Amino acid sequence: MKKLIFLLFITLYFALPQISSAADWQNYQNGIDGYYIQYPGTWQLDESQKGIVTRFISEDQKCIIDVYAQPLNGISAEEYILFSNKKILEQKYGVKLTAHNTKPIKGIKAQRFMWVRPQLTNRPNDLNVYREIDLIFNQKVYTFIMKTDQDHFASYSPVLDQILQSFMLVKPFESVNHQAYNPTVQDVTLKGDKTEVTIPKDKVMFGVFHPLFHPRKYTPQSLEEYKAYENSLEHKFEMIMTYTEFDKGFPTKMVQDTYADQRIMMLTWHPWQEANINSVLIPEIVDGQFDNYIADWAKQVKAVGEPLFVRFANEMNGDWDPWCTWFYSKDRDLFVEAWQRIHRIFQEQGADNAIFVWNPHDRSFPDFKWNAPELYYPGDEYVDWVGLTCYNNGTSYPYETWRNFNDMYKPIYDEYLVKYPGKPFMITEFSSNEVGGDKVAWIQDALRSLVNYPNIRIAVWYDQTDGKRLYRIDSTPEAKEAFRQGLTNPYYLKDGIKVIPEPLDLEEKKE
């Protein structure tokens, strides 16, 4: 047996390509995160997300190494590392952990992981073999994540080892500077077969999610109930937002009724299956296993013939959603490819009336760099609107705090203006709890303040009780009255949706 292992080692050793000499390697110094390494000179360096992650890509595209510098901010290195890799250590969703140890590197405390996730047979160049090294310092962990395939793992592991041997801390000398961006706000006009939506540049359209049953059921009330609710508020919500999952058919009647009543709809489309609560579908979407289902949806969206907002996999940076990368090897490329695949199928089916809304949560859970919202962004050509979601959760639960509207929305609004210039914004969900502060004052402040965010063109209120959080508009008569009065502000659009008249039949008119 020992002889067999030795012969296997010798075979693998001589099969490896020669690691480049130091002269063939490039020096790299990250002045934001404070480290120096060397990397192969033929590899591509990607600093497009510098300050979040730096990426190195092999010449043959068979190996990718991501480097994160994670400040610990009051938690231990072990908490960061073990929570980040919790699903991998549990070996859920087909993941196989092949190694985990704490052997130091150059005298530096470290943790090491190797794992394999299921191969995606229909994905070209599926890099499903991972190796992670976490270098531990007092207040920071430097995480190196290599991904490759089974055929190239033995040849690229020594490259990662050599990169790690070159690692040194340096004094940071750069900061992340984003130049301010002031958008030129224009009128928004969306046209369909029979519906024309116009949001003037000096107004905001209001929408609502107002379900009938338990919030996880996402069942909308009848339009008659909507109208009774709206009559008491003296305002018609011209956008209706609702939810559906990947084991549900297209909600044809709900959509038809919405447009027949001169409203528009946003369908929040979760890659999850109610019948299988442990479903993690992003890798399967990438692998083409849902192509027919997605194509059918696209055909039915096209058949609507009206502008219809599609919000796929919202709050992807939250560990409560199984489309967060935490559930599939922290591999952000899979989320991006899943989004791009869906967008491409919609284009192939001619569903040009679909308006794609990309929408992370304002706070990442966990708040680690590998889970940063911008890493989930699929690219400008695949996104039509950018969604903002911030809640005043109140203090119903011990880990939550009361947050004011502007404290929530001003930082993310300014940040997103810089990161996603030219995209209109939408508040896809917002609300305030009753517990922990003055909800009436919160509503008054929010509805006064929206005028200061001109790039936000639509705002959708989440009108539901969520556990102990009392989010509904009518949680108290006083809250409802504050909302009713706030909507009388002329900034909030009324009659923004028109029916396009049928063309005149000139022959009939002549007769």
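# Why is it called that? A predicted model

Student: Why is Gln139 called exposed?
Tutor: The relative accessible area of Gln139 is 58%. Buried means under 20% relative accessible area, exposed means over 50%, and partly exposed is in between (1.4 Å probe, protein chains only). Since 58% is over 50%, Gln139 counts as exposed.

Student: What am I looking at, and how are things counted?
Tutor: It's a predicted model, where local features need pLDDT of at least 70, side-chain atom pairs count only at pLDDT 80 or more, and totals for chains, interfaces and linings use all residues. Residues are numbered from 1 along each chain as its sequence is written, and side-chain values use heavy atoms, leaving out hydrogens and water.

Student: Where is Gln139 found, then?
Tutor: Look in the loop between strand 8 (129-136) and strand 9 (140-148). Helices (H or I, at least four residues) and strands (E, at least two) are DSSP runs, numbered from the N terminus. Leaving aside neighbours within four places in sequence, Gln139 is in contact (heavy atoms within 4.5 Å) with Gln70, Pro71 and Leu72. From Gln139 to Ser76 it is 63 residues in sequence and 8.4 Å in space, C-alpha to C-alpha.

Student: Asp33: buried or exposed, and why?
Tutor: Asp33 has 4% relative accessibility, which is under 20%, so Asp33 counts as buried. Asp33 lies in the loop between strand 1 (25-30) and strand 2 (35-40). Not counting residues up to four places away in sequence, Asp33 touches Gly51, Ala69, Lys140, Tyr142 and Lys369.

Student: Why does Gln262 count as partly exposed?
Tutor: Gln262 has 35% relative accessibility, which lies in between 20% and 50%, so the label is partly exposed. Gln262 sits in the loop between helix 6 (252-260) and strand 15 (264-270).

Student: What is phi like at Gln262?
Tutor: Phi of Gln262 is near 55°, a positive value in a residue other than glycine. Most residues other than glycine have a negative phi, and most peptide bonds are trans. Asn73 has a positive phi too, of about 50°. You'll find Asn73 in the loop between strand 5 (64-71) and helix 2 (77-84). At 67% relative accessibility, over the 50% cut-off, Asn73 counts as exposed.

Student: Which residues does a cis peptide bond join?
Tutor: Phe365 and Pro366, with omega about 0°. Pro366 is in the loop between strand 17 (354-358) and strand 18 (385-389).

Student: How many aromatic pairs does a search of the whole structure find?
Tutor: The search finds 60. Rings of Phe, Tyr and Trp (its six-membered ring) pair if their centres lie within 6.5 Å; planes under 30 degrees apart count as stacked, over 60 as edge-to-face and the rest as tilted.

Student: What makes the pair of Phe209 and Tyr243 edge-to-face?
Tutor: The ring centres of Phe209 and Tyr243 are 4.9 Å apart, within 6.5 Å, and their planes stand at 75°, over 60, so the pair is edge-to-face. Phe209 is in strand 13 (residues 205-209) and Tyr243 in strand 14 (residues 239-245), 34 residues apart. Both Phe209 and Tyr243 are buried.

Student: And why is the pair of Tyr377 and Tyr420 called tilted?
Tutor: Their centres are 4.6 Å apart and their planes are at 45°, which is neither under 30 nor over 60, so that pair is tilted. Tyr377 and Tyr420 are 43 residues apart, and both are buried.

Student: Which residues touch the most other members of the largest nonpolar core?
Tutor: Among the 127 residues of that core, they are Phe206, Phe246, Trp269, Ile294, Phe309, Phe346 and Tyr409. A nonpolar core is a set of buried Ala, Val, Leu, Ile, Met, Phe, Trp, Tyr and Cys residues joined through side-chain atoms within 4.5 Å. Apart from the largest core lies another, of 28 residues, including Tyr39 and Cys63.

Student: What is the average pLDDT?
Tutor: The protein averages 92, and 92% of the residues score at least 70. pLDDT is the predictor's confidence in each residue, from 0 to 100. Over residues 1-18 the pLDDT is below 50, and residues 213-218 stay under 50.
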